[in-house]
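Welcome, and thanks for taking a look at this one with me. Here are some notes to read alongside the model, point by point.

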Amino acid sequence: MTMKKPDPLSAQRWLARSLTALCLGLVSEPALAADVPAAASPTLELHARSRRETTTGSGEFRVIEQRLRWDAKKTAIVICDMWDQHWCQGATARVGEMAPRMNEVVKAARQRGVFIIHCPSGTLGFYKDTPQRKLAQAAPKAPAKVQLKGWCNLDAQREGPLPIDDSDGGCDDQPQCQQGSPWRRQTAAIEIAEGDAITDSEEAYYLMQQRGIENVIVMGVHINMCVLGRPFSIRQMVYQDKQVVLMRDLTDSMYNSRRKPWVNHFCGTELVVEHIEKYWCPSITSADFLGGAPFRFKGDKPDHVVFLIGEGEYHTGETLPEFAGKELAWRGFRCSFVTAPPTGGNDFTNFAAIKDADVLVVSVRRRTPQKEMVALIRQHLNAGKPLVGIRTASHAFAATPPDDRHAAWPNFDGEILGGDYQGHYSNAAPNGPPTMIRVAPEAAAHAVLNGLPADGLRSTSTLYKNPAPGGTITPLLIGWVEGQPEKHPVAWVNTTHNRRVFYTSLGSPADFQQPFFRRLLLNGILWALNQPIPPGQSE
Ligand SMILES: [Zn+2]
C-alpha cells in the first residue's frame with residue numbers, strides 16, 4: 001500500500017487534458033450556448049479516483065482515474081454532520097477550517113443546478129420551522145432497492161476492516177477531550193439557501209427519488225463514522241444504486257494518531273479515503289467546482305525525511321530508498337534523497353532539499369561534500385533539528401577534501417553522534433563469527449526499542465568498535481563478537497544540545513533483511529521526529 005500524493009507534473013497534465021476536453025465538449029454540445037460560461041455548465045465534469053484490486057484476492061490495488069460527466073439537475077450534494085461544535089476541540093477546529101471552502105463549493109454547485117441536502121444529524125429541532133426542513137418532510141416515501149436503514153454498519157461482505165482504530169472515539173488532542181453531544185446546529189459558515197433541504201434520515205433518499213436524482217456527492221465529517229454509516233450517506237446510497245462520490249478534500253476523520261496504525265491524523269484520514277475508494281465509491285476534490293488546488297488543512301504538513309547517501313560498501317543507495325518506500329511513504333512522510341555515486345565522488349545531487357528537512361538520515365562514508373551542503377547540514381543541526389545516522393555515518397565526512405570547494409567534518413562522530421568510532425572487528429560473514437546483540441538493560445523501556453526482542457539478536461555485519469563514546473549518549477543495544485568479551489554500543493540516542501540524534505552501527509544489506517533492524521530504524525526516525533512510536537505488539 002502506498003500513499004503517494006499526486007505529483008505536480010501529473011496534476012498539470014491532468015488539468016491540461018481536462019481543459020482540452022472541456023473545450024471539445026463545448027464544441028460538440030449544441031445545448032451549451034456560446035454565452036454560457038463553462039463554470040455554469042449544467043454538466044458536471046468530475047475527476048473521479050478509485051482503486052481496483054489487480055487480481056481478486058491479491059490485496060494489491062491500483063488507482064483508476066475516470067472522468068465523470070454528470071447532469072447537475074440529477075445530482076445532489078449531501079453535507080454530513082458539519083456541526084457548529086463537536087465534543088472534540090480538534091474536530092471542531094478542523095470543521096471550522098474547511099467550512100468556508102465547502103460553502104464556496106456548495107454555492108457553485110447550487111448555481112449549476114445541484115440539489116443541496118444539509119444533514120446536521122440530531123440538530124433538526126433547530127430547523128423545525130424552516131422551509132428547508134419542511135421541504136424534506138414533504139418528500140413522499142418511495143420504494144427502496146434495498147431496505148433503508150437508520151444506520152449502515154461496516155459490511156463485511158463488501159469491505160475489509162477500517163484501516164484505523166477509532167475505538168477510543170478518535171480524539172487526537174492531548175489531553176483527550178471529554179465525549180458528549182454539544183452540537184446544536186450546522187456551522188453557520190455554510191449557507192442554507194432557498195430550495196435546499198435539511199434532514200438527517202432516509203428522507204434524503206425520498207427527496208432524491210422525488211427529483212429524479214441519480215448522482216450523489218458526499219462531503220463532511222467524519223469519514224470513518226457518519227460519512228459511511230448515516231442513512232443519507234455513502235453505504236446507504238450505494239445500496240440504493242445511486243452513483244456516489246466522496247469529496248475527499250472536504251472531509252476529516254475521528255482518528256487518534258496514538259492508535260493503530262500509528263500515523264499522523266491526516267494520514268489516518270487518507271487511509272480511510274483509500275478504503276472508500278477500494279470498496280464503496282470513487283472520490284473527487286473541490287477543485288472540480290472551484291479550480292485551483294484541493295483543500296488542505298493548515299496542520300497537514302507531512303514531515304520531510306532527507307536521506308544523505310554516499311557510500312559504496314553497504315548498498316544503502318538501494319536499501320534506504322526501498323525502506324523509505326515500504327516503511328515511510330504510506331505513513332505520510334515526504335522523502336527526498338541527496339546522493340553521491342557509490343563508486344566515489346564528493347558532489348551530492350539535490351542538496352538544497354536539506355533546507356526544509358525535518359530530519360536528516362545519514363549514510364555517507366568518507367566523502368567531503370560541497371561546502372554549501374556542509375553549511376546546510378550545520379544549519380539544520382544548529383537549529384536543533386534531528387539527525388539519524390547509520391553504519392558509516394560515524395566517519396561520513398572524515399577525509400581530505402580534493403579542493404577548496406569541498407569540506408570535511410572529521411569530528412562529526414564525536415560532535416554530533418556522540419560516538420567514538422575506532423574501526424571494526426574482522427568478523428565478516430560468511431566465515432567470521434556473528435555480531436551478537438542484546439538490549440541494554442537500563443534502556444529496556446526506551447520507545448526506540450518497542451517491538452524488539454530483549455536478547456538473541458544477531459547480525460552478520462562486522463562489529464564497529466566504539467570503546468569510549470561520549471557521556472551524553474544513552475546506549476540502547478549492546479553488541480559483541482560471538483565468543484569474545486569486549487562489548488560495544490551498536491545503537492544509541494544522544495540528546496545533547498537539545499537535539500535528537502539516533503545512531504546505529506548496523507546497516508548492511510543483510511541487516512535490512514531483518515525485521516528487528518527495520519523496526520529499529522523506523523523507531524529511530526519516529527523518535528528523532530518526536531512522533532508516536534508504535535507499541536511492541538504492532539506489526
Ligand atoms: Zn479532541
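1. Let us start with confidence. The mean pLDDT of the protein is 92, and 92% of the residues reach 70 or more. Please remember throughout that this is a predicted model. One stretch deserves caution: over residues 1-37 the pLDDT stays under 50, and the model has 20 contacts beyond four places in sequence for that stretch.

2. Next, the overall layout. The protein is divided into domain 1, residues 24-290, and domain 2, residues 304-528. Taken over C-alpha atoms, the centres of domain 1 and domain 2 are 45 Å apart. The C-alpha trace of the protein spans about 85 × 50 × 45 Å along its principal axes. You will find 13 helices and 17 strands along the way.

3. How is the chain packed? Of the 539 residues of the protein, 43% count as buried. If we take contacts between residues at least 6 apart in sequence, 76% of them join residues at least 24 apart.

4. Now for the interior. The largest nonpolar core has 73 residues, and those with the most contacts inside it are Ile77, Val78, Ile117, Val218 and Ile234. Helix 2, residues 89-111, gives the most to this core, with eight residues. A second, separate core has 61 residues, among them Val338, Val364, Leu449 and Leu476. As background, nonpolar side chains tend to be buried together in soluble globular proteins.

5. Two neighbours in sequence, Ile234 and Arg235, make a good place to zoom in. Leaving aside neighbours within four places in sequence, Ile234 is in contact with Val218, Val227, Leu228, Val244, Leu246, Ile276, Trp280 and Cys281. Arg235 lies in helix 6, residues 234-239. Is Arg235 buried or exposed? Arg235 is buried, because 25 other C-beta atoms lie within 10 Å, and the cut-off for buried is 20 or more. Not counting residues up to four places away in sequence, Arg235 touches Cys152, Asp155, Leu228, Gly229 and Trp280. Asp155 is 80 residues from Arg235 along the chain, and their C-alpha atoms are separated by 8.7 Å.

6. Strands 15, 16 and 17 are worth following in order. Strand 15, residues 473-481, pairs with strand 16 in the antiparallel sense over six bridges. Strand 15 and strand 16 form a hairpin with six residues between them, and Gly483 in the turn has a positive phi of about 90°. Strand 16 then pairs with strand 17, residues 501-504, also in the antiparallel sense, over four bridges. That second hairpin has six residues between the strands too, and His497 takes a positive phi near 60° there.

7. Trp492 in strand 16 links the two pairings nicely. Which residues stand opposite Trp492? Pro475 stands opposite Trp492, and so does Tyr503 in strand 17. Seven of the seven residues of strand 16, residues 488-494, are buried, so this strand is largely enclosed by the rest of the structure.

8. Helix 13 is another enclosed element. Helix 13, residues 515-528, has 14 residues and reaches 20 Å from its first C-alpha to its last, close to the 20 Å expected at 1.5 Å a residue. Since 11 of the 14 residues of helix 13 are buried, the helix is largely enclosed by the rest of the structure. Its buried residues include Phe517, Arg519, Asn523 and Trp527. Just after helix 13, Asn530 takes a positive phi of about 55°.

9. Finally, some backbone details to check by eye. Most residues other than glycine have a negative phi, and most peptide bonds are trans. A cis peptide bond joins Val221 and His222, with omega about -10°; His222 is in the loop between strand 6 (215-221) and helix 5 (226-229). Another cis peptide bond joins Ala429 and Pro430, with omega about 0°, and Pro430 lies in the loop between helix 11 (412-417) and strand 13 (435-439).

10. Two loop residues that are not glycine also have a positive phi: Asn350 at about 65° and Arg391 at about 45°. Asn350 lies in the loop between strand 10 (334-339) and strand 11 (359-364), and is partly exposed, with 13 other C-beta atoms within 10 Å. Arg391, in the loop between strand 12 (387-390) and helix 11, counts as buried, with 25 C-beta neighbours inside 10 Å.

Note on methods:
Residues numbered from 1 in each chain as written. Domains from an automatic or database assignment. Buried ≥ 20, exposed ≤ 12 C-beta atoms within 10 Å, placed from the backbone. Contact = placed C-beta atoms within 7 Å. pLDDT = per-residue confidence, 0-100. Expected span 1.5 Å × (residues − 1). Core = buried A, V, L, I, M, F, W, Y, C linked by C-beta atoms within 7 Å. Pairing = 2+ DSSP bridges.
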